[in-house]
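Got the viewer open? Let's take a walk through it, one selection at a time.

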Amino acid sequence: MATEIPQSHQNPDPQISLYYQTRAAHHAVVTSDWLAQAQAAVGHHPEDAVSDNSSLKSAGGEESGNGYSVVNEFNNWRKQPDLAEAVAAIRALASVIRSSQATTMMELEIELKKASDSLKSWDTTSISLTAGCDLFMRYVTRTSALEYEDFNSAKSRLLERAERFGEISYKARKIIAMLSQDFIFDGCTILVHGFSRVVLEVLRTAAQNRKLFRVFCTEGRPDRTGLRLSNELAKHDVPVKLLIDSAVAYSMDEVDIVFVGADGVVESGGIINMMGTYQIALVAKSMNKPVYVAAESYKFARLYPLDQKDMVPAIRPIDFGVPLPSKVEVETSARDYTPPQYLTFLFTDLGVLSPSVVSDELIQLYL
Amino acid sequence: MDSRRVPRTVSDPKVRQVGFFAPPDRFQSGPPVPTSSSPPVSEISPSGNSLSPVMIPPPRNLSSDMSRHFPPAPISPLRGGRGAADSSIPVGSYNPSEFISPTATADFSEDAVSPGWSRKGNSAKFASSLPTGGIGMASVKQNNVPASGLATVSTRMPKAVTEKGGATGEVQMEQQPGDSKTSKEKTTKAERRALQEAQRAAKAAAKSEGSKTQAAASGVNSINANSGKVPKMTPPKKDSSSVAASEKRGGDRQPDKDRKKDVPHPRMQFDDENRVEKAKRRSVVKQTEARSRVELFRHLPQYEHGTRLPDLESRFFQLDPIHPAVYKVGVRYLAGDISGGNARCIAMLQAFQESIRDYSTPPEKSLIRDLTTKINGYVSFLIECRPLSISMGNAIRFLKTRINKLALNLSESEAKASILLDIDRFINEKIILADKVIVKHAVTKIRDGDVLLTYGSSSAVEMILLHAHELGKQFRAVIVDSRPKLEGQMLLRRLVGQGISCTYTHINAVSYVMHEVTRVLLGASSVLSNGTVYSRVGTASVAMVAHQFRVPVLICCEAYKFHERVQLDSICSNELGDPDAIARVSGRTEINYLEGWTNSENLQLLNLIYDATPSDYVSMIITDYGMIPPTSVPVIVREYQREHLWI
């Protein structure tokens with residue numbers, strides 16, 4: 001699959017995990033006004049993208065055109081800052097179905113599989129991308145009645161399911177925000193780490209519901225995404241206090257709940273998230289503060305890390321601002337694994353789950 | 001408690017009464033002397049049967065012995081009142097009032113034997129009354145019965161008697177409320193006999209299975225025993241199936257027959273002597289119970305190890321109901337040749353395949369039912385050789401379900417072919433292919449430079465290590481072993497033969513070695529629904545130490561070994577091995593400090609085979625369904641059955 005990806009779509013900077021490049025790109029430029037505009041613009045996007053791609057597709061031929069167009073399309077989708085990566089992938093795969101020239105079910109499934117593989121190999125470090133693709137494949141190919149229909153109606157049924165999946169995933173954030181409102185009470189202090197769009201949605205909804213709370217926000221080095229989050233929150237008149245990452249334990253006494261997002265939710269019920277989450281969870285657990293995770297269900301992955309090093313490494317180089325001697329090594333991993341015993345609840349579009357239920361869901365989905 | 005404490009000093013140390021006792025104050029069949037040399041078998045009264053089901057008729061031989069050893073009191077054997085019994089007790093150094101007091105219901109007409117009696121018992125009688133060899137006992141009882149009016153009753157009684165075994169607390173408790181109810185018991189012997197005959201006939205007609213575990217079914221039980229005992233050896237298979245299927249915890253009062261039939265893993269509580277007696281009578285393998293037993297584990301079977309195998313081997317040609325293939329497997333279990341959950345299960349299924357191949361339906365019988373009965377018989381034979389492992393239990397449940405689901409219109413050869421195919425598929429999919437999937441998942445967790453610790457000898461772990469080595473991963477293995485089985489040595493030999501660098505150590509050193517270990521790989525005999533891992537004894541210790549050192553513990557277990565049962569400790573269900581194995585060290589004959597340990601009253605040796613590891617110490621379970629956390633085992637159990645792979 002890798003050979004089919006044109007050079008331009010390779011990871012331009014292999015030093016940095018693509019996933020984090022994307023996030024950096026998003027967070028550097030986007031403000032919430034832009035966000036609002038982008039959301040409005042989403043509705044118009046599908047047709048344009050599709051027509052472009054289908055023309056590209058028919059010109060490029062089946063095999064290579066497929067790989068090419070999927071990644072292309074994915075990139076188009078991905079550029080919208082408010083769209084999660086997995087949702088972009090799902091939309092891209094849906095477009096593959098739409099524009100597919102296959103005439104039998106098997107052919108279509110093979111095409112989908114190829115497209116999914118190419119997407120996954122494009123960025124191997126992104127857990128939600130992999131998980132989203134896998135889940136989409138399972139979801140879509142699980143229909144048993146497809147065998148009995150003629151191909152076209154089966155294909156349209158598949159497409160419908162694919163789009164429904166995309167819709168659900170897209171609306172997942174709203175569902176999560178709704179579910180978590182009960183856990184934010186008036187006068188509470190919430191600690192958040194880094195910048196998660198889901199958590200932002202949760203807090204924004206709470207502010208809109210006129211809840212009185214304040215937020216402690218960690219800086220989130222090296223991305224310094226915490227600064228962005230604090231900007232966003234300030235726009236909604238939420239009192240925000242910025243902490244440097246080391247000040248978490250110092251401030252934990254005043255904190256009532258900890259809210260984090262997740263890059264991926266693993267089978268044990270633990271989460272993989274930005275570097276520093278594990279530390280915060282450890283401190284919170286030792287001080288008996290609940291840790292809530294807001295994660296969409298397509299982030300559930302069939303991974304099972306046993307320790308911190310048991311994952312695909314995602315590198316994020318750190319600029320310290322001063323030159324370092326070459327002998328000095330720098331720990332550049334961008335994320336860590338938080339084991340399930342430190343998490344209290346996961347808010348997902350499937351409901352409020354305890355960590356052990358994640359495996360339950362995964363087994364039911366994959367068996 | 002008083003009644004128990006006092007007799008301790010006077011009772012024979014080899015036999016301990018558990019529970020409350022009161023002297024039998026009324027023997028229909030003879031002098032009501034409670035201080036007689038009656039063996040520790042509960043008294044059974046036929047009238048008790050008729051009037052109150054909780055009554056347990058006194059053993060005929062007790063009375064006969066009593067008549068031998070003590071002058072008969074001037075009480076009619078058939079209608080001794082309690083008062084008469086009390087007054088006429090020829091007291092030796094034993095005062096039955098001690099026993100009467102806590103169980104002081106004056107209406108107590110059924111009695112169990114008190115330890116005081118056993119003290120006075122003659123040794124021959126005593127030996128016969130021990131729950132060893134139910135048939136031998138019956139014959140002894142026959143001998144002891146004097147030719148009197150008792151004879152007619154006694155021919156019936158011994159069967160009931162033997163099953164009543166010793167007096168158990170449960171039985172005692174039953175008797176008391178029942179006794180308080182009935183106060184007349186003045187029917188004649190003939191009337192009682194007639195009543196009992198009628199009851200027996202009714203019971204036999206109604207199928208005697210489930211009532212054994214009924215609390216209040218003592219009288220019923222005797223009748224059951226009667227009807228069940230009559231065909232002593234040959235098709236006790238039919239009854240043994242009921243025995244095997246119906247034996248549950250002693251306190252289980254719900255005889256749901258169908259449910260018990262489907263229970264593949266009979267866990268008889270061996271401190272209930274009634275059931276032990278019954279089981280003895282039906283047993284094929286002659287085994288003597290071990291004498292010096294740890295009190296805490298009395299609910300588990302333990303037999304003298306030396307005599308079972310030669311005895312079984314010598315009876316090879318007499319075991320008609322048992323197919324030779326099944327017999328062979330049983331002998332191999334007994335000898336310890338086959339060990340390990342997978343090996344035992346596969347051997348058993350292949351033996352069943354053989355027997356099914358040679359099976360032919362008798363005329364006028366339904367294939368499904370007859371075959372099921374035969375399989376039940378084989379299963380109870382195998383249980384006698386060695387208690388079933390959970391994997392075997394699941395396999396048997398699968399087999400029985402498939403037999404039950406056979407379409408009725410199939411011809412015999414078609415049905416047999418279908419079953420054989422199902423067994424093959426089970427072995428292939430659930431064991432062989434499952435192992436391959438487990439290996440595939442597990443090697444992804446092994447990185448270069450790892451130090452992998454394993455305990456004992458698990459077939460799954462061995463396959464994983466060999467496969468990882470084939471793939472070229474650089475790792476080191478640490479094998480932890482323990483006495484008396486020293487199973488790790490075989491694993492060590494095989495691994496070293498393949499070129500893996502190994503360290504071998506004893507379980508004493510596991511905390512010393514653990515700091516350099518990166519992963520712990522353990523096998524399991526079964527994983528229970530609360531995530532508890534039921535595995536070779538010592539596994540829990542290794543897992544605990546690993547947890548303390550924050551080393552991840554990976555359990556490798558095929559999904560067919562999962563069970564929906566929950567177990568919180570290692571005591572309620574386990575297996576006891578040969579205690580002599582602990583006393584000896586192979587190759588070191590000069591270490592004989594424990595020689596003659598059986599003679600010491602204060603010393604008991606305990607050789608446990610399994611233990612339960614709590615789920616907190618387990619990081620991950622690798623099954624053929626993937627890698628799952630221990631909290632997801634009930635999900636697998638649920639899904640597994642839903643996939644109709646069993647049904």
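pLDDT is the predictor's confidence in each residue, on a scale from 0 to 100. This is a predicted model, where local features need pLDDT of at least 70, side-chain atom pairs count only at pLDDT 80 or more, and totals for chains, interfaces and linings use all residues. Residues are numbered from 1 along each chain as its sequence is written, chains are lettered from A in the order in which they are written, and side-chain values use heavy atoms, without hydrogens or water.

Start by colouring chain A by pLDDT: the average is 80, and 79% of its residues score at least 70. Now pick residues 1-9 of chain A, where pLDDT stays under 50 and the model has 18 contacts (heavy atoms within 4.5 Å) beyond four places in sequence.

Over to chain B, which averages a pLDDT of 70, with 56% of residues at 70 or above. Select residues 62-183 of chain B: pLDDT is below 50 there, with 333 contacts beyond near neighbours in sequence. Where pLDDT is low, don't read the predicted coordinates in detail.

Next, show H17 (residues 324-335) and H18 (residues 341-357) of chain B, helices being DSSP runs of H or I, at least four residues, numbered from the N terminus. Their axes, lines fitted to C-alpha atoms over the stretch in contact, come within 8 Å and cross at roughly 160 degrees, on a scale of 0 to 180 degrees between N-to-C directions. So H17(B) is roughly antiparallel to H18(B) (over 145 degrees).

Finally, show side chains: Ala325(B), Val326(B), Val329(B) and Tyr333(B) of H17(B) meet residues of H18(B) including Met348(B) and Phe352(B).

Technical notes: Helix = DSSP H or I, 4+ residues; strand = E, 2+ residues; numbered from the N terminus. Parallel < 35°, antiparallel > 145°, perpendicular 65-115°, else oblique.
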